[in-house]
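Me: I'm new to looking at protein models and I'd like a close look at one part of this one. Could you walk me through its aromatic rings and what lies around them?

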Amino acid sequence: MKILLTGATGYIGKRLLPILVEQGHHVICCVRDKNRFYCPVELDDQVTVIEVDFLNQETLASIPTEIDAAYYLIHSMSGSASNFDDLESESASNFVARLNKTLVKQVIYLSGIVNDDSLSKHLSSRKKVEEILNTGTFATTTLRAGIIVGSGSASFEIIRDLVNKLPVMITPKWLNTKCQPIAITDVLCLLSKSLLNLETYNQSFDIGGPDILTYKQMLLGFAEAKNLKRWIVTVPIMTPKLSSYWLYFVTSTSYRLASALVSSMKVEVVCSDTRINELLGVTPMTYKQALSRALIKVDEDKVASSWKDSLVSGRFTSNMSEYLKVPKKDCFIDRRKMEIIDRDFTINQIWSIGGDTGWYYGDWLWDLRGFIDKLYGGVGSRRGRTHRHEIHSGDALDFWRVLYANKEEGKLVLFAEMKLPGEAWLEFKIINNTLYQAATFRPRGIWGKLYWYSVLPFHGFIFKGMLEKLIK
């Protein structure tokens, strides 16, 4: 079967792709930028990648006519646009218009549980998208999930940050709101088993695990799984804005996502029925089991995907391809080079940079820069990295975004997503037996130039020390 997969570079899409391939399907992946798409070599023969922007109708012509089913996994939970709901509706309408001209039999949509009259803007938007998809000439299957628990999920990362960093928490009252979390493994199982299953056509299903918990109980459950003693006190005085800042400064989330989560967490997300489990023969795991699996994946460095690698976790508003060519004109550049001793050692050092490993020299200065960025509403350095020793194009790396990563070529190019009066690149490349390192800054006006000269005194030892550590 030919399956169209939208959101192929997202948290769910990255994990669903190998499952569909394993089932013998040929998967057509829709991405906005091919440079962000990473496909394991063993999947190549059964994967086709096409560039599609669902807000640009002309690009939808690249979707082939002969497809059997499609997954609609496009969301803007932390989109920067205030009219994100209109954009989501427009994307869905364009999607339906194009798929009505294909042979597609079924579209599967992953939405949010919407069983409350006073929905947040984000949940209302998802409900509207569901209504638009239902107007298509194809059968629609909607799976509605609440909190998804898995290594790399936004929910898991936020819970982990709060529990690990705060022995005592003074929290907003919405932590007493009930929800029904579900393991990412069960979400993927239900998504794949719904595929071309006639019994799921033209229906909506709530999906959740067996536990109905408050957010407070979820935090304490994580603490128990990590053998940590935590105390949580809820107070009624935290406004939504204060709650958003609380999440933003303590966790690795962006302010936009924190704000969206706070508005959604005030509404109970509990399944109204669980008939989908019996229909597809699925027994969802408990919250405790889901946490255990997620923690094992993190410990083993086997996180398949992370919400932080989504572009909405940073500041990108356009395709990465536009930034791949590092500029030289009207730029300040700190260039350094050094002869390498052991190529494999240097490559491994470069590919392990950032995150828990740090930046090899002056880490406290990198941390300070990340903290300052967070104070000014930037991404900060808390995103870390998804894998300890693997880097792929599109990955988040502290306050950088990976533009290009090729181990065989020995080249890595990063673009800064921190708040800056300009644009910055950090580049490593090995030519013959020499490592070249370049920090490039394209200033924006007089403030950009003043910024460069203010940090210039630190470059001498930070970049020099880092280069030496990459060599020996």
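Reply: Here is a walk through the aromatic rings, pair by pair, and then a patch on the surface.

A word on the model before we start: it is predicted, so local features need pLDDT of at least 70 and side-chain atom pairs count only at pLDDT 80 or more, while totals for chains, interfaces and linings use all residues. Residues are numbered from 1 along each chain as its sequence is written, and side-chain values use heavy atoms, with hydrogens and water left out.

Okay, rings. The structure holds 17 aromatic pairs. Rings of Phe, Tyr and Trp (its six-membered ring) pair if their centres lie within 6.5 Å; planes under 30 degrees apart are stacked, over 60 edge-to-face, and the rest tilted. Take phenylalanine 415 and tryptophan 425: their ring centres are 5.2 Å apart and their planes stand at 70°, so this pair is edge-to-face. Phenylalanine 415 belongs to strand S17 (residues 411–416) and tryptophan 425 to strand S18 (residues 422–431), so the pair ties together parts 10 residues apart in sequence. (Strands are DSSP runs of E, at least two residues; helices are runs of H or I, at least four; both are numbered from the N terminus.) Both phenylalanine 415 and tryptophan 425 are buried. Buried means under 20% relative accessible area, exposed means over 50%, and partly exposed is in between (1.4 Å probe, protein chains only).

Now hop over to phenylalanine 458 and phenylalanine 461. Their ring centres are 6.3 Å apart with planes at 75°, so this pair is edge-to-face too. These two sit 3 residues apart in helix H13 (residues 445–471), about one helical turn. An α-helix has 3.6 residues a turn, so residues three or four places apart point the same way. Phenylalanine 458 is partly exposed at 38% relative accessible area, and phenylalanine 461 is partly exposed at 37%.

Rings can also gather in a group: ring pairs link Phe332, Phe441, Tyr451, Trp452 and Tyr453 into a cluster.

A ring can have a charge for company as well. The charged end of lysine 411 sits over the ring of tyrosine 404, 5.6 Å from its centre; the rule is NZ of Lys or CZ of Arg within 6 Å of the ring centre and within 35 degrees of the ring normal.

Last stop, helix H7. Phenylalanine 249 is found in H7 and is partly exposed, with a relative accessible area of 31%.
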